[in-house]
Amino acid sequence: MRLAKFKLRGIVLFSVLISTNVVYGAILHQETTTQTLTKGATLTNEKILSEIGWRNINVLRINLNEPNVTLKPIEAANGTSRQTVLQMVNDAGAIAGVNSDFFDISTSSTPSFGPVISDGELKHAYNSNYSSLGPNKYMGTFTIDTNNGVSMDYYGVSLRLNANGTFVGAMGGYNNIPSKLYRPVVVDCTYYSNTSSIISKLPNTYTIVVEEDVVTYCSKSNEAVDIPKNGYVILIGEQDANNYYSQLKVGTSVDLQQFLYLSNGLTEAVSNIKLGIGGGGLIMKDGVEYTGAAHKITPTSNDPRTIVATLKNSNEVLLITIDGRGDYKGMTHSDLVTFLKSYNVKDAMYFDGGGSTTMVARNEGETEVTLQNNPSDGSQRKVINGLGVFTTSETGDVAQLIIDTNYNRTFVGESISLTVK
């Protein structure tokens with residue numbers, strides 16, 4: 001019996017060595033499990049033993065051609081406070097999600113570096129012409145248009161205000177409140193109901209109220225006003241007040257133009273964008289490694305990574321987390337490119353990684369969303385925003401029952417607990 005056991009082990013070891021291939025390090029052992037979260041969304045976990053140690057990879061695959069699922073940005077209610085991805089997913093009613101954009105970890109009340117667009121409406125952004133972030137730091141934006149076309153590129157955000165058809169000026173931001181009003185800023189009721197908390201931090205602020213694209217009120221200095229539900233307010237510093245007040249009198253028709261643009265002159269109206277969220281540098285473009293300028297964090301270290309990617313010949317989006325530090329090895333930029341090619345990736349872009357890397361999902365047969373990866377901080381970091389996966393269908397009939405046991409093997413006479421899902 002001992003001899004047979006020895007021979008069996010030798011055969012198993014031999015087959016593993018034969019199947020070893022060189023993909024982001026020689027694979028010594030691999031365990032892969034895939035589950036269906038809902039129709040159109042699957043979650044695959046890969047635990048890979050390579051020559052440098054274990055890797056833990058989660059790949060959330062979303063089929064954009066399936067009407068049952070959709071992607072949307074998720075964030076805290078005020079757009080600047082930090083929450084865990086699990087909290088944001090639960091608050092939004094999503095079934096899964098990952099962290100997304102970068103943020104200033106040294107502060108507690110600043111927005112994400114890039115824009116957030118949801119259902120054709122700009123939730124907040126800096127004007128890229130006056131910001132050092134975004135495309136000026138080679139930080140990309142992930143977008144899905146109203147035709148489900150996916151793009152990742154160094155999009156800038158432009159905010160232009162016209163009065164009676166004549167250009168008045170460029171706005172410095174939309175719902176992103178600076179520490180000083182160097183340029184006018186537009187604020188709607190997404191995060192604020194009135195301006196009292198804003199002007200308390202920005203002395204000598206003047207406010208123009210716009211309702212249904214018409215100026216309805218021009219405030220005194222430091223006067224708090226309500227923000228209309230069918231419009232917005234324009235916050236103006238003292239140095240620009242005379243100029244704007246002379247052109248934006250009560251009754252003036254105004255047009256706030258919001259669009260994304262690229263360095264080649266291509267523009268896209270925000271109203272045509274179903275989803276937009278900022279991130280980091282490009283990794284792949286049209287199936288090959290992107291070799292242009294790109295915002296990369298520790299590219300030569302085996303660190304945790306969060307990635308958004310698309311596939312060749314398929315209208316699917318991959319949301320990928322790769323754990324690192326502690327029990328698991330992350331990936332270098334070079335390893336990541338090799339890994340993405342093995343998945344037949346077309347385009348890919350970084351989201352925030354390191355301690356921010358988080359994936360949560362509702363497991364097959366479960367009703368609660370739970371943490372799927374192993375954050376390197378030891379627990380979930382509170383982050384600025386994320387991408388949520390939502391099901392659009394009503395709850396239907398039970399499709400199947402899943403029975404789990406508390407043990408994979410047992411002895412005669414020993415009890416086993418069964419869990420029915």
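**Close-up 1. The buried residue R55 and its salt bridge to D335 in the predicted model**. With a relative accessible area of 1%, R55 is buried in this predicted structure. The side chains of R55 and D335 meet in a salt bridge, with an N to O distance of 3.3 Å. Because R55 belongs to strand β3 (residues 53-63) and D335 to helix α5 (residues 333-342), the pair ties together parts that are 280 residues apart in sequence. A search of the whole structure finds 6 salt bridges, and the contact between R55 and D335 is one of them.

**Close-up 2. A salt bridge between E75 and K123**. The side chains of these two residues, E75 and K123, come together at 3.4 Å, N to O. E75 lies in strand β4 (residues 69-75) and K123 in strand β7 (residues 121-126), so the contact ties together parts that are 48 residues apart in sequence. E75 is buried, at a relative accessible area of 14%, whereas K123 is partly exposed, at 24%.

**Close-up 3. A salt bridge between D153 and K285**. The closest N and O atoms of D153 and K285 are 3.5 Å apart. This pair links distant parts of the chain, with D153 in strand β9 (residues 150-153) and K285 in strand β20 (residues 282-285), 132 residues apart. K285 is partly exposed, its relative accessible area being 23%.

**Close-up 4. R305, a buried arginine that has no salt bridge**. R305 is placed in strand β22, where the nearest side chain of opposite charge, that of D303, is 4.8 Å away. Because a salt bridge requires the nitrogen and the carboxyl oxygen to be within 4 Å, the separation of 4.8 Å between R305 and D303 does not qualify. A polar atom of the R305 side chain does, however, lie 3.0 Å from the backbone oxygen of S301.

**Close-up 5. Strand β14 and its two antiparallel partners, β16 and β15**. Of the 6 residues of strand β14 (residues 206-211), 5 are buried, so the strand is largely enclosed by the rest of the structure. β14 pairs with strand β16 (residues 231-236) in the antiparallel sense over 6 bridges, and within this pairing T207 has L235 as its bridge partner. Strand β15 (residues 214-218) also runs antiparallel to β14, the two being joined by 4 bridges, with E211 bridged to V214. β14 and β15 form a hairpin with 2 residues between them, and in its turn E212 has a positive phi of about 50 degrees.

**Close-up 6. Positive phi values at the loop residues N164 and N313**. Most residues other than glycine have a negative phi. N164, with phi near 50 degrees, lies in the loop between β10 (156-163) and β11 (166-170) and is exposed, with a relative accessible area of 56%. N313, with phi near 55 degrees, is found in the loop between β22 (305-311) and β23 (314-322), and is likewise exposed, with a relative accessible area of 82%.

**Close-up 7. A nonpolar surface patch that includes I416**. L401, I403, I416, L418 and V420 make a nonpolar patch of about 520 Å² on the surface. Among these residues, I416 is located in the loop between β28 (403-405) and β29 (418-420), and is partly exposed, with a relative accessible area of 41%.

How values were computed
Residues numbered from 1 in each chain as written. Predicted model: local features only at pLDDT ≥ 70, side-chain atom pairs only at ≥ 80, totals over all residues. Heavy atoms only, no water. Patch = residues over 30% accessible without salt bridge, like charges linked within 9 Å, V, L, I, M, F, W, Y side chains within 5 Å. Areas by Shrake-Rupley, 256 points an atom, 1.4 Å probe, with all protein chains shown as cover. Buried < 20%, exposed > 50% of the residue type's maximum accessible area, 1.4 Å probe, protein only. Pairing = 2+ DSSP bridges. Lys, Arg positive; Asp, Glu negative; His and termini not counted. Polar contact = N/O pair within 3.5 Å; in protein donor to acceptor, adjacent residues only side chain to side chain.
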